[in-house]
Amino acid sequence: MSESGFRSFREFYPFYLGEHANPTCRRLHFAGSCVALGFIAAAVATLNPWWLLAALVSGYAFAWVGHFFFEHNRPATFKHPFYSFAGDWVMFKDMLTGKIRF
């Protein structure tokens, strides 16, 4: 058993999705991920690592607004930081491919 209480990411992901039942929260996660990707591209294009900090801050800011104001729960990041980070990108992919509705 890992320190997060889940044996694997596969076991964690359904819990993660349950914490993102509100469509507005999911949309904010998606928007934050898009903004973060834009900042990562800016970091690569300008060779300025400060854009990476902007990517991290923007991604979490959008997500936390979704949790605190729409989902009304505490972000999984606080208890499961690594699985939560991975879960955000898997959910992003699942939204892009239509597996999860916006």
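## Starting at Leu-96

Let's begin with Leu-96, which sits in helix α4. Its relative accessibility is 55%, so Leu-96 counts as exposed. Keep in mind throughout that this is a predicted model.

Leu-96 also has a partner from elsewhere in the chain: Phe-30, 66 residues away in sequence, has its C-alpha 9.1 Å from that of Leu-96. That pair is a handy way into the rest of the structure, as both residues take part in the meeting of α2 with α4.

## Helix α4 and its two faces

Helix α4 runs over residues 81-96. With 16 residues, α4 spans 23 Å from its first C-alpha to its last, close to the 22 Å expected at 1.5 Å a residue.

Which residues of α4 are buried? They are Ser-84, Gly-87, Asp-88, Met-91, Phe-92, Asp-94 and Met-95. Looking down the axis of α4, these buried residues fall within an arc of 165°, so they line one face of the helix. The face turned away from that buried side carries Phe-82 and Leu-96, both exposed. As for what covers the buried residues of α4, the list includes α1 and α2. Just after α4 comes Gly-98, with a positive phi of about 85°.

## Where α2 crosses α4

The axes of α2 and α4 come within 10 Å and cross at roughly 100°. That angle makes α2 roughly perpendicular to α4. Sorted by class, the residues of this contact are eight nonpolar, two polar and three charged.

From α2, the residues involved are Arg-26, Arg-27, His-29, Phe-30, Ser-33, Cys-34 and Leu-37. From α4, they are Asp-88, Trp-89, Met-91, Phe-92, Met-95 and Leu-96. Some of these names also turn up among the buried residues: Asp-88 and Met-91 are buried in α4, while Arg-26 and Phe-30 are buried in α2.

## Helix α2 and its neighbours

Helix α2 covers residues 23-46. It has 24 residues and reaches 34 Å from first C-alpha to last, close to the 34 Å expected at 1.5 Å a residue.

The buried residues of α2 are Cys-25, Arg-26, Leu-28, His-29, Phe-30, Gly-32, Ser-33, Ala-36, Ala-42 and Ala-43. What do the buried residues of α2 pack against? The answer is α1 (9-18), α3 and α4.

## α2 and α3, side by side

Now for the pairing of α2 with α3. These helices pack at an angle of about 175°, and their axes are 7 Å apart. The two are therefore roughly antiparallel to each other. Their contact has 17 nonpolar residues, eight polar ones and one charged.

Helix α3 takes in residues 50-71. Its 22 residues reach 30 Å from the first C-alpha to the last, close to the 32 Å expected at 1.5 Å a residue. Buried in α3 are Ala-55, Ser-58, Gly-59, Ala-63, Gly-66, His-67 and Glu-71. They cover an arc of only 160° around the axis, which puts them on the same side of α3. Those buried residues pack against α2. On the other side of α3, Trp-50 and Phe-69 are exposed.

## Two loop residues with positive phi

A bit of background helps here: most residues other than glycine have a negative phi. Leu-47 has a positive phi near 60° even though it is a residue other than glycine. Its place is the loop between α2 and α3. Is Leu-47 buried or exposed? Its relative accessibility is 73%, so Leu-47 counts as exposed.

His-72 is another residue other than glycine with a positive phi, again near 60°. It follows α3 and lies in the loop between α3 and α4. With a relative accessible area of 60%, His-72 is exposed.

## Out towards the chain ends

Gly-5 lies in the segment before α1. At 39% relative accessibility, Gly-5 counts as partly exposed. How far apart are the C-alpha atoms of Gly-5 and Arg-101? They are separated by 28 Å, with their positions 96 residues apart along the chain.

Methods: Residues are numbered from 1 along each chain as its sequence is written. This is a predicted model: local features need pLDDT of at least 70, side-chain atom pairs count only at pLDDT 80 or more; totals for chains, interfaces and linings use all residues. Side-chain values use heavy atoms; hydrogens and water are left out. Axes are lines fitted to C-alpha atoms, for helices over the stretch in contact, and angles run from 0 to 180 degrees between N-to-C directions. Helices (H or I, at least four residues) and strands (E, at least two) are DSSP runs, numbered from the N terminus. Angles under 35 degrees count as roughly parallel, over 145 as roughly antiparallel, 65 to 115 as roughly perpendicular and the rest as oblique. Ala, Val, Leu, Ile, Met, Phe, Trp, Tyr, Cys and Pro count as nonpolar, Asp, Glu, Lys and Arg as charged, and the others, Gly among them, as polar. The expected span of a helix is 1.5 Å times one less than its number of residues. Buried means under 20% relative accessible area, exposed over 50%, partly exposed in between (1.4 Å probe, protein chains only). The arc is that of the directions from the helix axis to the C-beta atoms. Contact means heavy atoms within 4.5 Å.
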